[in-house]
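Trainee: Got a minute to walk through this one with me? I'd like to start with the aromatic side chains.

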Amino acid sequence: MPVSGQPVKRSVRVNGINLTYYEWRAKPGNQESPLLFAHATGFHGRTFDAIAEHFSDRRVLSLDLRGHGHSDGEPIDDWRTLSDDVSAFLDQLRIRRAVGIGHSMGAHTLVQCASEKPDAFSRLILFDPVILAPEFYAADAALFTSDAPHPAIRRKRDFASPQAMMERFAPRDPYCLFTPRVFEDYCRHGLIEQKGGGFVLACSPEMEASVYGSSRSNSGILDAAKTVQIPTLVVRAKQTDLKDFKGSPTWPKLSALLPKGKDLYRPDRTHFHPFEDPEDAAQIITRAMAG
């Protein structure tokens, strides 16, 4: 049995891999729609613990996407691989009318799923989705290639302990922006213990780099967004430029493209808003569900 307040770790077989997810059970008798969280590149489902705990009465599910956390998976070359996994997950668990909450790449993934599965979600709440302007997807050249991969491929992957990871990352951007609770969850659940001793990153540098490298692969995401006929809140952080990883990558006109879209611009926050202030993120979710 899990410790009180902790989720149950589960997995399902989808598209040839074991996909891990974490479940907080609803209070007995609560029939409200579940909340489904999808995380950013390089992160994992447990980074949402501090937000999920604000909804202790409801059923909450948080995914480890392919190649992240405790889910299987090799590097990808198409972001639709991720949405295909989530669609299969939704089918296996027979999830309908969920509240989809995504951050960054996870938010992009939920939009694609909502387009393909109109009954899966009742609404979406998207924190800085990686859905860019049309010209981004029209460009022919890849942002990164196997000959010139994303710098994430050079990340340190081996650590003696979660504490060693925390000591290394604590003073660095963007981790220095995270609340202590979220930062600890990120590190403790972002490592896999090895049989011979020590720990490795749950999301390998190769996997992380492949996601960044294939960020133009789903060129149909804007057309998909046009078909999402449910209330969708787009929460955008401070707008800078693509070279600033703390700035928002989201196309400012995205909410206008969504049939029932609404824009919430938060220039007081960075791309890592849910981890800088999980309480504020939970309040945004609460208000959106009440609207």
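Mentor: Sure. Look at Lys156 to begin with: its charged end sits over the ring of Phe159, 5.2 Å from the ring centre. Keep in mind that this is a predicted model.

Trainee: And what lies over the face of Phe136?

Mentor: That's Arg216, at 4.6 Å from the ring centre.

Trainee: OK, now rings with rings. How many aromatic pairs are there in the whole structure?

Mentor: A search turns up 16 aromatic pairs. Take Phe43 and Phe272: the ring centres are 6.2 Å apart and the planes are at 45 degrees, so that pair is tilted.

Trainee: Where do Phe43 and Phe272 lie?

Mentor: Phe43 is in the loop between β3 and α1, while Phe272 is in the loop between β11 (261-266) and α10, so the pair ties together parts that are 229 residues apart in sequence.

Trainee: Are Phe43 and Phe272 buried or exposed?

Mentor: Both Phe43 and Phe272 are buried. For another kind of geometry, try Tyr175 and Tyr186: with centres 5.3 Å apart and planes at 20 degrees, the pair counts as stacked.

Trainee: Which parts of the chain does the Tyr175 and Tyr186 pair link?

Mentor: Tyr175 is in the loop between α5 and α6, and Tyr186 is in helix α6, 11 residues apart. Tyr175 counts as buried because its relative accessibility is 12%, and Tyr186 is buried too, at 3%.

Trainee: Which residues do the ring pairs link into a cluster?

Mentor: The cluster includes Phe43, Phe272, Tyr175 and Tyr186. Phe159, the ring under Lys156, is in the cluster as well. The other members are Phe37, Phe48, Phe169, Phe178, Phe245 and Phe275.

Trainee: Back to α6 for a sec. Which residues are buried in that helix?

Mentor: Helix α6 covers residues 180-188, and its buried residues are Val182, Phe183, Asp185, Tyr186 and Cys187.

Trainee: What do the buried residues of α6 pack against?

Mentor: They pack against α1 (49-52), α5 (162-169), β8 (191-193), α10 (273-276) and α11 (278-290). Thr47 is worth a look here too: leaving aside its neighbours within four places in sequence, Thr47 is in contact with Val182, Tyr186 and Phe275.

Trainee: Where's Thr47, then?

Mentor: In the loop between β3 (35-38) and α1. Thr47 counts as buried because its relative accessibility is 2%. A polar atom of the Thr47 side chain lies 2.7 Å from the backbone oxygen of His44.

Trainee: Switching topic: how many disulfides are there?

Mentor: Zero.

Trainee: Why no bond for Cys176?

Mentor: The closest cysteine sulfur to that of Cys176 is in Cys187, and at 12 Å it's too far for a bond. Cys176 is partly exposed, with a relative accessible area of 40%.

Trainee: And why none for Cys203?

Mentor: Its closest cysteine sulfur is also in Cys187, 14 Å away, which is too far for a bond. Cys203 is buried, with a relative accessible area of 6%.

Trainee: Last thing, the sheet. What's the strand order in the open sheet of three strands?

Mentor: β7-β9-β8, with antiparallel pairing. The edge strands are β7 (158-159) and β8, each pairing on one side only.

Trainee: How many bridges join β7 to β9?

Mentor: Two bridges, with β9 covering residues 199-201. Within that pairing, Asp158 stands opposite Val200 in β9.

Note on methods:
Residues are numbered from 1 along each chain as its sequence is written. This is a predicted model: local features need pLDDT of at least 70, side-chain atom pairs count only at pLDDT 80 or more; totals for chains, interfaces and linings use all residues. Side-chain values use heavy atoms; hydrogens and water are left out. Buried means under 20% relative accessible area, exposed over 50%, partly exposed in between (1.4 Å probe, protein chains only). Helices (H or I, at least four residues) and strands (E, at least two) are DSSP runs, numbered from the N terminus. Contact means heavy atoms within 4.5 Å. Two strands pair if DSSP finds at least two bridges between them. A disulfide is a pair of cysteine sulfur atoms within 2.5 Å. A polar contact is a pair of N or O atoms within 3.5 Å; within protein, one must be able to donate a hydrogen and the other to accept it, and residues adjacent in sequence count only if both atoms are side-chain atoms. Rings of Phe, Tyr and Trp (its six-membered ring) pair if their centres lie within 6.5 Å; planes under 30 degrees apart count as stacked, over 60 as edge-to-face and the rest as tilted. A charge sits over a ring if NZ of Lys or CZ of Arg is within 6 Å of the ring centre and within 35 degrees of the ring normal.
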